[in-house]
Amino acid sequence: MSTGSAASSDMPEKPLPKIVVIMGAGSSADFGVPILRGIFKNHEAAAYLNRDSTLHEWLQRVFWAPRGHSAATSDRSPTIEEMLTIIRDWQKEDTDAPDLRNVDDIRRRLYVLIYHAVYLNKSSNKAHLNGLIDTLRRSFSEITWASFNWDCIFESSYWYNSGTLHTGTRSNPHLVIHLDGWRDGFRKNTYLKLHGSVNWWRVNGSPTYLKWASDGDLAAKWKELEEGRTADRPIILEPSAYKYEDPIYSEILEPQWEEFSRRLVEADCVLVLGYSVPDNDPHARCKLLMSFQVNQNCRWAVVDPGAEAILKYERLLGLQRLVTFEQSVAGFGVNLEDNLRTAFPNVEIKSKPAPPAPAPASLGGPAGGSKS
């Protein structure tokens with residue numbers, strides 16, 4: 001007959017929980033990436049706009065001047081997403097307005113401006129995400145990183161955090177779609193870039209990853225697009241209310257959304273970083289609210305410096321399974337482990353291991369031993 005202690009030792013270990021991390025513009029703001037409303041005032045975007053007189057003149061004539069604004073006050077005028085939505089609405093009226101005759105060219109120029117704003121001179125060196133990547137890796141069996149951003153901040157942080165260059169152990173997180181050139185990593189960390197990325201391109205018809213590193217060809221490809229010298233296109237959904245009518249969604253990105261929905265329903269925890277559930281993205285709103293209704297054992301946490309976003313989540317999700325942090329991602333990371341324990345009392349957040357103790361001083365000279 002077995003003893004109680006022996007029986008307990010034969011009990012299988014409880015599997016580690018699963019988490020979905022949802023990243024919006026606020027998750028990149030601490031790295032200098034602008035939010036949509038302020039994009040025209042970003043230094044790199046403003047520099048591009050000063051060079052592209054065609055785009056500048058069109059924006060001034062069509063959107064800013066009729067509202068009493070200019071580039072200097074563009075944050076108080078329609079965002080790029082609202083502009084492109086208005087254009088699509090306008091096109092549905094089947095009007096022959098002169099401002100619509102070159103709208104495909106304007107849309108291309110706006111994409112190039114966004115690339116300048118979210119990519120040029122942006123770096124993950126501040127390492128605001130590194131601690132989170134490490135802590136979640138210790139504490140969860142499955143981490144799903146679901147991003148609504150076009151920038152490369154998270155994958156840059158993940159790449160440098162995944163190993164060392166000299167051992168050749170660095171990798172990207174796992175993808176559920178195929179990209180030529182992507183160094184796919186372990187399935188424990190899965191990356192869903194739901195709206196596409198500035199460094200995901202359709203090259204000669206094939207979905208392709210263009211490295212953001214200095215030896216990559218991402219900048220050259222965007223320069224080709226800026227100058228109208230390529231038929232290749234970035235894999236990014238148009239920032240408008242019509243984004244899911246874009247063929248890129250149905251042809252390339254849709255499997256990510258199916259996985260996003262499944263993982264939200266199976267998650268033990270959901271951590272939202274700087275994502276405000278925009279009213280003009282009902283597709284994303286549907287996924288989040290549906291999973292909250294279905295997966296009633298899941299705990300949610302929202303990190304956002306904006307009181308308006310916090311209040312929206314509290315209204316939509318209530319307070320029984322939701323903890324909110326009205327602060328930036330960088331601020332949340334200052335007391336990361338304690339904050340995660342507050343957010344998710346249903347899981348064990350494992351502390352960072354203590355560094356190994358220094359070896360005792362050796363005797364017999366610097367080589368660690370005396371001659372025999």
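User: What percentage of the 372 residues of the chain count as buried?

Analyst: This is a predicted model, in which local features need pLDDT of at least 70, side-chain atom pairs count only at pLDDT 80 or more, and totals for chains, interfaces and linings use all residues. Residues are numbered from 1 along each chain as its sequence is written, and side-chain values use heavy atoms, with hydrogens and water left out. Buried means under 20% relative accessible area, with exposed over 50% and partly exposed in between (1.4 Å probe, protein chains only). Of the 372 residues, the share that counts as buried is 50%.

User: How many helices and strands does the chain have?

Analyst: Helices (H or I, at least four residues) and strands (E, at least two) are DSSP runs, numbered from the N terminus. On that basis the chain has 13 helices and nine strands.

User: What share of the contacts with a separation of 6 or more comes from residues 24 or more positions apart?

Analyst: Contact means heavy atoms within 4.5 Å. Among contacts in the chain with a separation of 6 or more, the part due to residues 24 or more positions apart is 68%.

User: Which strands are the edge strands of the open sheet of six strands?

Analyst: Two strands pair if DSSP finds at least two bridges between them. The six strands run in the order β3-β2-β1-β7-β8-β9, with parallel pairing. The strands that pair on one side only are β3 (189-193) and β9 (322-325).

User: Which residue in β9 stands opposite V303?

Analyst: Strand β8 (residues 299-303) pairs with β9 in the parallel sense, over four bridges. Opposite V303, in β9, stands F325.

User: What angle does the direction of α9 make with that of β3?

Analyst: Axes are lines fitted to C-alpha atoms, for helices over the stretch in contact, and angles run from 0 to 180 degrees between N-to-C directions. Helix α9 (residues 247-266) packs on the six-stranded sheet, touching β1, β2, β3 and β7. Its direction and that of β3 make about 125 degrees.

User: Which elements are included in what covers the buried residues of α6?

Analyst: The buried residues of α6 are L132, I133, T135, L136 and S139. What covers them includes β1 (18-23), β2 (142-147), α7 (153-161), β7 (269-273) and α13.

User: Is α6 oblique or parallel to α13?

Analyst: The axes of α6 (residues 130-139) and α13 (residues 336-343) come within 11 Å and cross at roughly 50 degrees. Angles under 35 degrees count as roughly parallel, over 145 as roughly antiparallel, 65 to 115 as roughly perpendicular and the rest as oblique. Relative to α13, α6 is therefore oblique.

User: How many nonpolar, polar and charged residues does the contact of α6 with α13 have?

Analyst: The contact is made by G131, L132, T135, L136 and R138 of α6, with L336, E337 and L340 of α13. Ala, Val, Leu, Ile, Met, Phe, Trp, Tyr, Cys and Pro count as nonpolar, Asp, Glu, Lys and Arg as charged, and the others, Gly among them, as polar. By class, the contact has four nonpolar, two polar and two charged residues.

User: How far apart are the axes of α2 and α3?

Analyst: Helix α2 (residues 43-51) packs against α3 at an angle of about 100 degrees, which makes the two roughly perpendicular. In α2, Y48, L49, N50 and R51 meet S53, L55, H56, L59 and W64 of α3. The separation of the two axes is 5 Å.

User: Which residues in α5 do T54, L55, W58 and L59 in α3 meet?

Analyst: α3 and α5 (residues 103-118) pack at about 105 degrees, with their axes 10 Å apart, and are therefore roughly perpendicular to each other. By class, their contact has six nonpolar, one polar and one charged residues. In α5, the residues met by T54, L55, W58 and L59 are I106, R109, L110 and L113.

User: Is T79 buried or exposed?

Analyst: T79 lies in the loop between α3 (53-64) and α4 (80-92). Not counting residues up to four places away in sequence, T79 touches L36 and R37. Its relative accessibility is 7%, so T79 counts as buried.

User: Which strands stand at the edges of the open sheet of three strands?

Analyst: The order in this sheet is β5-β4-β6, with antiparallel pairing. Each edge strand has a single partner strand, so one side of each is left without a neighbour in the sheet. The strands at the edges are β5 (206-209) and β6 (233-236).

User: Which residue in β6 is the bridge partner of R202?

Analyst: Strand β4 (residues 196-203) and β6 pair in the antiparallel sense over three bridges. Helix α8 (residues 218-226) lies across both strands, at about 75 degrees to β4. The bridge partner of R202 in β6 is R233.
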